[in-house]
Amino acid sequence: MSRKLRSRIIPIMLALPVLSLACMCLPLSELPFRQESNNPHETDHEESYQQPEYSEPDGPESNGPANTIPQSSSCTAWLADLQDQFLYPPETDEYATTYDEEILLVTYQINGSQITNPSYEKVPSDLQSYQDERKNHEALWQYFASLFPQNTWHDLVTFSVMTDGEDETLAAIERSWDDPDKWDLYIDIMDAADIYELTATLIHEYGHLLTLNSTQMDADASEPSCSTYYAGDGCSLHGSYLADYFNQFWPDIYDEWLDIQYIQNDDDYYDALDDFYWEYLDQFVTDYAATSPDEDIAESWTLFIIAP
């Protein structure tokens with residue numbers, strides 16, 4: 001990692017509360033997905049992870065469980081693998097099952113650390129098995145809840161299981177329709193079996209929760225009235241994490257980035273965004289970070305957390 005990239009992460013380390021990843025504060029055996037060992041030197045007392053196991057639904061699109069990763073000898077080694085996956089993601093499968101839009105399967109209310117009161121949507125028959133797998137829904141939620149301190153995600157009100165097919169959106173948080181200061185968490189169950197990608201994505205989404213919540217952002221403010229960075233759905237408050245980050249890293253490139261946002265054609269937009277990323281390659285930790293200042297801080301936050 002270059003000095004310039006490290007310097008982008010330091011303000012986050014100083015400003016944001018330090019995240020306790022489950023594997024940093026718990027025995028490896030307590031991570032909520034079973035892992036399989038390929039270490040021929042593993043002794044009997046070195047157990048594989050044993051807690052709630054994500055099992056692939058037996059639907060027509062199922063290719064069997066894909067959530068097994070090698071047992072690492074230490075959390076540091078596991079995080080090193082996670083960092084490699086984050087910085088150098090695998091190629092997208094051109095034959096992957098995709099849908100034209102996100103399909104909501106079920107929405108749960110968040111009650112403390114538990115999910116309750118499922119509300120089921122009408123779904124295509126090929127997704128019925130994914131909708132019915134309550135055990136997997138619980139495992140995904142408990143994994144999120146085990147990664148982050150509960151008092152930092154109290155603004156989450158619902159957890160939804162959805163899909164837009166394979167290798168598309170893995171997870172997202174969105175402001176609640178009922179209250180813009182509350183948030184909804186979405187996880188794509190068809191993509192969630194990859195523990196590395198799931199972990200990095202959840203850390204990224206948690207970064208949005210830290211930087212866009214009601215203590216950081218005025219969701220009622222209009223763009224013309226915002227004197228700091230306007231994030232599309234609110235104005236970052238003076239002294240907020242995002243405002244300070246923007247002021248340190250974006251003033252010299254913001255106008256060029258802003259011009260790209262007015263490009264109407266999708267292909268032209270993404271081509272221009274790619275050119276923007278390559279022009280300022282040494283200023284971003286990933287290509288996705290160039291999407292916007294709020295994605296930039298979330299990506300930098302993610303790398304700070306998973307870098308051993």
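Two residues are in contact when they have heavy atoms within 4.5 Å of each other. Keep that in mind for the whole chain: among its contacts with a separation of 6 or more, 65% are between residues 24 or more positions apart.

A little housekeeping before we click on anything. This is a predicted model, where local features need pLDDT of at least 70 and side-chain atom pairs count only at pLDDT 80 or more, while totals for chains, interfaces and linings use all residues. Residues are numbered from 1 along each chain as its sequence is written, and side-chain values use heavy atoms, with hydrogens and water left out.

**Stop 1: the whole chain**

Show everything as a cartoon. You're looking at 10 helices and seven strands; both are DSSP runs numbered from the N terminus, with helices being H or I of at least four residues and strands E of at least two. Now switch on the surface. The accessible surface is about 15,500 Å², and 46% of it belongs to carbon and sulfur atoms. Areas like this come from the Shrake-Rupley method with a 1.4 Å probe, and for residues only the protein chains shown count as cover.

How much of the chain is buried? Buried residues make up 49% of the 308 residues. The labels work like this: buried is under 20% relative accessible area, exposed is over 50%, and partly exposed is in between (1.4 Å probe, protein chains only).

**Stop 2: three salt bridges**

A salt bridge here is a side-chain nitrogen of Lys or Arg within 4 Å of a carboxyl oxygen of Asp or Glu. By this rule there are three salt bridges to find.

Select Arg 134 and Glu 138. Their side chains meet in a salt bridge, 3.1 Å from N to O. They are separated by about one helical turn because they sit four residues apart in helix α5 (residues 134–147). Arg 134 has 31% relative accessibility, so it counts as partly exposed. Glu 138 is partly exposed too, at 21%.

Next, pick Asp 155 and Lys 182. The closest N and O atoms of this salt bridge are 3.6 Å apart. This pair links distant parts of the chain, 27 residues apart: Asp 155 is in the loop between α5 and β3 (156–165), and Lys 182 is in the loop between β4 (171–175) and β5 (183–188). Is Asp 155 buried or exposed? With 12% relative accessibility, Asp 155 counts as buried, whereas Lys 182 is partly exposed at 28%.

Finally, go to Arg 175 and Asp 233, whose side chains meet in a salt bridge at 3.0 Å, N to O. Here the partners are 58 residues apart, with Arg 175 in strand β4 and Asp 233 in the loop between β6 (217–218) and β7 (235–236). Arg 175 is buried, with a relative accessible area of 15%, and Asp 233 is partly exposed at 29%.

**Stop 3: next door in sequence**

Step back to Gly 232, also placed in the loop between β6 and β7. Gly 232 is exposed, with a relative accessible area of 57%. Try measuring in your viewer from its C-alpha to that of Ser 222: the two residues are 10 apart along the chain, and the atoms are separated by 9.2 Å.

**Stop 4: an odd backbone angle**

Now select Asn 117, in strand β2 (residues 114–120). Asn 117 isn't a glycine, yet it has a positive phi of about 50°. Asn 117 is exposed, at 56% relative accessible area.

**Stop 5: inside helix α6**

Find His 208 in helix α6 (residues 195–212). At 6% relative accessibility, His 208 counts as buried. Which residues does His 208 touch? Not counting residues up to four places away in sequence, His 208 touches Ile 173, Asn 213, Asp 294, Glu 295 and Ala 298.

**Stop 6: around helix α9**

Color the surface by charge and select Asp 266, Asp 267, Asp 268, Asp 271, Asp 274, Asp 275, Glu 279 and Asp 287. They gather in a patch of negative charge on the surface. A patch joins residues that have over 30% relative accessible area and no salt bridge: like charges within 9 Å, or nonpolar side chains (Val, Leu, Ile, Met, Phe, Trp, Tyr) within 5 Å. Asp and Glu count as negative and Lys and Arg as positive, with His and the chain ends not counted; each charge is placed at NZ of Lys, CZ of Arg, CG of Asp or CD of Glu. One member, Glu 279, is found in helix α9 (residues 266–279) and is partly exposed at 47% relative accessibility.

Last click: Thr 291, in the loop between α9 and α10 (293–306). Leaving aside neighbours within four places in sequence, Thr 291 is in contact with Trp 257, Gln 261, Tyr 269 and Leu 273. Its C-alpha is 8.5 Å from that of Tyr 277, which is 14 residues away along the chain.
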